[in-house]
Amino acid sequence: MIILAIESSCDETAMAIVEDGRKILSNTVYTQIAIHTMYGGVVPEVASREHIKKVTYVLDEVLKQANMTLDDIDAVAVTKEPGLIGSLMVGVNTAKTISLCYNKPLIYVNHIHGHIYANYLEEDFNFPLLALVVSGGHTELVLMKDHMDFEILGETLDDAVGEAYDKVARVVNVGYPGGPIIDKMAHIGTPTYPLPHIKLSKDSLDFSFSGLKSAVINLCHNANQRGETIDANNLAASFQNAVIDVLVSKTVLAATMHNVKQVIIAGGVAANKGLRNAMQEAMNNLNIKLTVPQFKYCTDNAAMIAAAGYHKYIKEKKN
């Protein structure tokens, strides 16, 4: 089954053609990072206009890469939610048009499910598995007992972890997007600043990063008032150490509680090298298999939407 997938939930116009949920025939991503950097974050109206400008070019490119036409496609998968409404509409309307004109099935995909299935592009799923979803808008622990079977065990009560990274990067004035920059700085610095490791109650699988973010802001503000200089690399290391400790400890708790066979990391923050290394060590200690996508499949892309769309279509056909 050959699926054309479209992802436009935020600031990437992405399309891919994937066979049977895994074999990538083509994959194209047009990113708007350079445009939004000057604003320090994604501007929804600008993102929508850029999607409109680029969507037909990306479609032409992905078909050219695969040496196919739209007649060769068996179905169209598209991100329907969550995301920026204007950006999502561009992708959904494009998918609807192709589906109607070429009489192809239309598969709506949840963006978070797509991030989870980015791991399926690498390896088979071994159920039950636990997914740690970490991105700019989401932080969740999700239990899966079968394909397209999702149970949220815990989620953030305030800020998503990726959002906290971006805000800390803004506080220390190191640029956007903040996640990759803070990760690099953390590997240079030493965690010398006392920051809270917020784990909530003992058995809680929920997350909270607002207090940690506020602690960083207050630390910098107080230092400025005293005329002291903050070591940005050490602050980044201290912040990342607090984040990773919470993410890993809660993942370990959930994996143990539900006796999972596999743990996967999904979302843009899955590209964080510090998190990858710490999680690998923790899973080795538990003798649980860890799967993390290649860096290019951690951020928004359409191949992951095709993988999730394929399994959603198969499951709905069975039912």
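**A hairpin and two pockets in the predicted model**

Strand S7 (residues 139-144) and strand S8 (residues 151-155) pair in the antiparallel sense over 4 bridges, where pairing requires that DSSP finds at least two bridges between two strands, and strands (E, at least two residues) and helices (H or I, at least four) are DSSP runs numbered from the N terminus. Within this pair, Glu140 stands opposite Glu155 in S8. The two strands form a hairpin with 6 residues between them, and Met148 in the turn has a positive phi of about 60°. The model is a predicted one, in which local features need pLDDT of at least 70 and side-chain atom pairs count only at pLDDT 80 or more, whereas totals for chains, interfaces and linings use all residues. Residues are numbered from 1 along each chain as its sequence is written, and side-chain values use heavy atoms, with hydrogens and water left out.

The largest pocket holds about 1,300 Å³ of space. Of the 43 residues lining the largest pocket, Gly136, Asp166, Pro177, Gly268 and Thr299 are the closest to its centre. A pocket is an open set of points on a 1 Å grid over the protein atoms alone, where a 1.4 Å probe fits, with protein on both sides within 12 Å along at least five of seven lines, and lining residues have an atom within 4 Å of a point; a volume is the space filled by probe spheres set on the points, which are joined across faces, edges and corners. Strand S3 (23-31) and helices H4 (111-117), H5 (161-171), H6 (178-188) and H10 (295-298) each supply at least two residues of this lining.

The second largest pocket, with a volume of about 150 Å³, is lined by Asp146, His147, His311, Ile314, Lys315, Lys318 and Asn319.
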